[in-house]
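Here are a few short exercises to work through with the model open beside you. Try each task before you read its solution.

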Amino acid sequence: MLDARYSSSIEQRDTRMKLTEISNDINEWFSGSGPLADIVISSRIRLARNLADHKFLSHCSTAEKSEILEKLKDVLMSLELGDKTFYVSVDKASALNRNFLVERHLISRDHAFSKGPRGVVIARREFFTAMINEEDHLRMQVLKAGCQLSQCAKQINHIDDMIEQKVDYAFSPRYGYLTACPTNLGTAIRVSVMLHLPALKMTGQTEKFFNAARDMNLAVRGLFGEGTEAASDLYQISNQVTLGVSESDIVSQFENTIIPEIVEYENTARNQLLSTHMDTLDDKISRAMALLQNAHLISSQEALFLLSHLRLGVNMHEHMGASTPAIKKLCSLSNTDSNIDEHRGLSITTVNRLFMLTLPAHLQLNHGKQLDSARRDALRAKIIRSALNQDT
Amino acid sequence: MQCQICKKKTATIHLTEIAEGLRTEVHMCEHCAQEQGIAAKSQISVNELLSSLLAAQPTDDELFGPSEHQTPCPHCGFTLDQFRKAGVLGCPYDYEIFEKSLLPLIEKAHDGKTSHCGKAPSRISQPAKKQIERSNLRRQLEAAVRNEDYELAAKLRDKIKKYES
C-alpha cells in the first residue's frame with residue numbers, strides 16, 4: 001500500500017516535471033505562423049483507431065483496458081517521430097495537470113475526466129499526441145500552425161502506417177475503420193481548423209459564417225467548448241461525415257472550398273472595418289489595450305475577449321498594412337519581454353503567449369501551486385500588465 | 001466576461017440587437033437569459049444526438065420482433081438497448097450482428113453514404129482490398145462526372161469494368 005502510494009507520488013512528480021518543461025511557452029501550432037496565419041490559427045487532423053480482437057472501451061474490464069493501454073503505449077513510444085516523446089498516465093495525473101493538458105489541446109476534456117486506465121503520448125514539440133483509451137482505443141492527432149492540412153494529413157498517415165505494422169486494427173471492407181460510435185466510422189478522420197473571426201463579429205456578420213458551416217455539413221465549436229467562442233472569437237470547424245468520402249477528398253474540400261470561403265468572409269469584414277467602421281475598430285482595440293494595461297484583476301474570459309482585439313489589430317497591421325491611429329499605437333509599443341520579442345512593437349507571438357500562459361491551469365502550473373480564482377485574476381492581470389506596458 | 005444582469009456569473013449568452021439602426025449588445029449568463037425569456041439551447045452531445053436519431057428509427061420490435069433488441073452480441077454481450085442509452089457499441093462485431101438496425105442510423109449520420117472509401121490497412125486480405133479499390137474508383141468516377149471530366153470518367157469506368165471481371 002505504502003509502495004503504491006510512494007510510486008504514485010513519484011509518478012505525479014515526474015508528470016509535473018515533464019509538463020513544466022513545456023508550460024512556460026506556447027506550442028508550435030499556436031505560434032501565429034504558417035499560411036493564412038492571420039485568420040487560420042491552426043490545422044489539426046485526428047484519426048480514431050481500435051484494436052481488432054478487443055472489445056470497445058465501454059465493454060472492457062479494467063484489466064482489458066490496462067492491456068490495451070500497455071500495448072499501444074509500447075508501440076507509440078517506439079515510433080520514430082523525429083522528436084522526443086513522453087508519456088503521461090492521465091488516470092494518475094492530478095486535476096491541475098489534466099486541466100493543463102486540456103488547455104494545451106493535448107487531450108480532450110472527456111479523456112481528462114473519464115475513468116479507468118488511460119494515458120497520452122506527446123511529442124515534445126506537441127505537433128503529435130495520441131490519447132489511449134479515450135472513446136476509442138487510440139485517438140491520435142497532428143497539429144500545425146496556420147493552414148497546413150495537407151502536411152498534417154501526410155504526417156498522420158505516415159504515423160498510422162508505422163503503427164499498423166505493429167498492431168491489427170478493427171477494420172471492415174464495407175465500413176472501414178470500426179469505431180465505438182458509428183458517427184466516426186469509415187476513415188475515422190476528423191479534420192479541423194481553428195479560425196480567428198473577430199471582424200465578422202464586429203460587423204454583425206457571424207451568421208454568414210454559421211450558415212456557410214451548416215451548408216457544408218461542418219461542426220462548429222469554440223476553442224475550449226461551448227460559450228468560449230464568443231469570448232475569444234476563435235472557432236473550430238470540423239467535418240462530420242467520415243464514411244464514403246476519402247481522407248484526401250475531405251482535406252482538399254477544406255483547402256480548396258471551405259477555408260478560402262470563410263477566409264474571404266473575414267477579410268471582407270476586416271476591409272469593411274477599415275473603410276467604413278474605423279471608429280468601431282479603433283475603439284475596440286484601444287479599449288482592449290487600456291484595460292489590459294491597467295487592470296489589476298482580470299478573469300480568463302475577459303482576457304481572452306480583450307486579447308482577441310489585440311490579435312486583430314496586430315494581424316491587420318502585419319498582413320494588411322493597416323495603420324489606423326489605434327493600430328499605430330499598438331504596433332509602436334515597446335515590448336518589455338525582451339526574451340520573446342527583440343523587435344519593437346507588439347507581436348502576434350506576445351499576444352498568443354499571453355493568451356495561453358494566462359489560462360487557469362497554465363498560471364497555476366507555472367506559479368508552482370494551486371491558486372483560487374481571485375489570486376489567479378490578480379496574477380493574470382500582473383503578467384499582462386508587465387508585458388504590455390511600455391518600457392519607459 | 002461577467003453577466004450584465006446578475007453581475008456574478010460568467011456571461012455565456014451574447015445577444016446583439018439592432019433596432020432603428022441602433023446596435024446594442026447584452027451579455028448574460030444562462031440563468032439570467034432564461035429569466036429574460038431568451039431560450040438558451042444547450043449543446044447536445046453526439047451520443048445524445050445519436051440516441052435521439054436511433055429513437056426516431058423504426059423500433060426493433062417492428063423490424064425483427066419483440067426480442068431482437070435484447071438479444072446480446074455473442075462476442076461481447078452487448079444489446080441494442082444498451083446502445084440506445086450509451087450511444088457507443090460494445091465491440092467491432094456489433095456492426096455485423098446489428099447491421100440491420102444500425103444501417104439507417106449510419107446512413108443518416110454520413111449524409112446517405114453506407115460504404116467505406118479511402119485508406120485501408122495494408123495487411124487486409126486481397127478480396128477486401130479489391131472491394132475497397134472498387135469503392136474508391138466508383139467515388140472517383142462520380143466526381144469526374146460531376147466535374148464534367150468525361151475523359152477521366154471513361155478511363156475510370158474501364159478500370160472498374162476490369163476489376164469487376
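**Exercise 1.** Find which residue just after helix 14 of chain A takes a positive phi, and list the buried residues of that helix.

*Solution.* Start at the end of the helix: in this predicted model, Gly368(A) comes just after helix 14 of chain A and has a positive phi of about 85°. Now step back into helix 14, which covers residues 360-367. Its buried residues are Ala361(A), His362(A), Leu363(A), Gln364(A) and Leu365(A).

**Exercise 2.** Describe the contact between chains A and B, beginning with how many residues each chain gives.

*Solution.* First, count by chain: 41 residues come from chain A and 44 from chain B. Next, look for the elements of chain A that supply two or more residues to the side touching chain B: they are strand 6 (171-172), helix 8 (228-232) and helix 11 (300-320). Helix 11 gives the most, with three residues. Finally, sort this side of chain A by residue type, which yields 18 nonpolar, 15 polar and eight charged residues.

**Exercise 3.** Decide whether the radius of gyration of chain A agrees or disagrees with that of a compact globule.

*Solution.* Begin with the expectation: for 392 residues, a compact globule would have a radius of gyration near 21 Å. Chain A has 22 Å, so the two agree. For the outline, its C-alpha atoms fill a box of roughly 65 × 55 × 35 Å along the principal axes. Then turn to the interior: buried residues account for 51% of the 392 in chain A.

**Exercise 4.** How many helices and strands does chain A have?

*Solution.* Going through its secondary structure gives 15 helices and 10 strands.

Terms used
Residues numbered from 1 in each chain as written. Chains lettered and ligands numbered in written order. Predicted model: local features only at pLDDT ≥ 70, side-chain atom pairs only at ≥ 80, totals over all residues. Buried ≥ 20, exposed ≤ 12 C-beta atoms within 10 Å, placed from the backbone. Helix = DSSP H or I, 4+ residues; strand = E, 2+ residues; numbered from the N terminus. Contact = placed C-beta atoms within 7 Å. Nonpolar A, V, L, I, M, F, W, Y, C, P; charged D, E, K, R; others polar. Rg over C-alpha atoms; globule rule 2.2 N^0.38 Å.
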